[in-house]
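Visitor: Before we start, please show me the model, and then I will ask how its labels are justified.

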Amino acid sequence: MKNSVLTKLASRIDDATRHGKAIQQLTLTYKLDIDDGYEIQRLAVARRLLRGEHTIGTKLGFTSRAKMQQMGLDQIICGRLTSGMLVDDGGTLPLAGLIHPRAEPEIALLMKHDLSGPVTLPGAMAAVEAVACAIEIIDSRYQNFKFTLPDVIADNTSCCRLVLGGWQRPDSDFGNLGMMLQFNGRPVGIGSSAAIMGHPARALVAISQLLGAQGRKVKAGSVVMLGSPMAAQPLAPGMHVLAEVERLGRAEFTVR
Ligand code: OOG
Ligand code: MG
């Protein structure tokens with residue numbers, strides 16, 4: 001696809017994000033492939049950076065069967081996390097300006113060293129500084145939360161906000177820990193970290209490979225969100241949202 005078209009589509013995504021107005025899937029009008037999707041994502045996020053945000057890390061999507069099934073897609077994708085997406089743990093998320101936000105419990109990693117390209121599981125884990133329970137708030141900019149792979153990649157993999165719980169040393173194995181999402185004290189999703197590619201550390205291996213293939217890297221000091229082991233749940237005003245990962249801790253916020 002021509003650069004001028006990709007630039008135009010990036011501003012369409014960015015405007016939909018800023019104004020909280022759903023748009024038609026780009027692929028209904030344009031024949032886009034995965035690479036076009038990533039280029040649109042890069043250009044759309046570059047507009048956020050021009051407005052003063054900075055990049056804080058990367059995220060994975062579709063690292064579990066449950067997420068693939070919920071959205072009807074079956075390939076691992078990645079997006080960019082920026083400073084404007086951070087919500088304080090225990091803080092408030094205003095719904096104003098969002099379209100149809102959903103929450104999902106995740107595991108976040110803080111990197112000690114760079115990673116790029118093929119790497120072993122122990123090699124990937126050796127690059128991790130800390131691990132935390134996290135919540136991702138996703139909000140597709142497409143009508144009805146429906147999209148193809150190039151669409152969702154262009155839309156920065158639906159990323160909207162993130163909440164990071166307290167960081168823990170990555171000493172003990174987090175390969176099969178209970179994970180739970182609660183709305184107003186009631187469980188709305190229960191699962192295991194093993195649902196993330198059999199072991200969530202495999203998602204780190206996957207993003208190292210994915211970014212390496214794009215000439216990019218997982219940077220020291222950056223945050224990596226490994227993807228949800230369960231379906232995301234829709235948010236409504238007034239809700240208290242809590243995610244918990246066995247032994248790792250919790251993250252929470254209130255919807256306004
Ligand atoms: C795409 C983002 C997927 C995850 O954790 O799998 C994702 C979506 O579901 O809209 O963030
Ligand atoms: Mg996610």
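Guide: What follows takes the cysteines, the metal site and the nonpolar cores in turn. This is a predicted model, in which local features need pLDDT of at least 70 and side-chain atom pairs count only at pLDDT 80 or more, while totals for chains, interfaces and linings use all residues. Residues are numbered from 1 along each chain as its sequence is written, and side-chain values use heavy atoms, with hydrogens and water left out.

Visitor: How do you know how many disulfides the structure holds?

Guide: A disulfide is a pair of cysteine sulfur atoms within 2.5 Å. The sulfur of Cys159 has its closest cysteine sulfur, in Cys160, at 7.2 Å, so this pair is too far apart for a bond. For Cys133 the nearest cysteine sulfur, that of Cys159, is 16 Å away. The structure holds zero disulfides.

Visitor: Why is Cys133 called buried?

Guide: Buried means under 20% relative accessible area (exposed is over 50%, partly exposed in between; 1.4 Å probe, protein chains only). Cys133 has 0%, so the label applies.

Visitor: What makes Glu104, Glu106 and Glu136 donors of the magnesium ion (ligand 2)?

Guide: Donors are N, O and S atoms within 2.8 Å of the metal (3.2 Å for Na, K and Ca); water is not among the atoms, so sites may look incomplete. The OE donors of these three residues lie 2.0 Å from the ion. Glu106 is in strand 5 and Glu136 in strand 6, so the pair ties together parts that are 30 residues apart in sequence. Both Glu106 and Glu136 are buried.

Key
Chains are lettered from A and ligands numbered from 1 in the order in which they are written. Helices (H or I, at least four residues) and strands (E, at least two) are DSSP runs, numbered from the N terminus.
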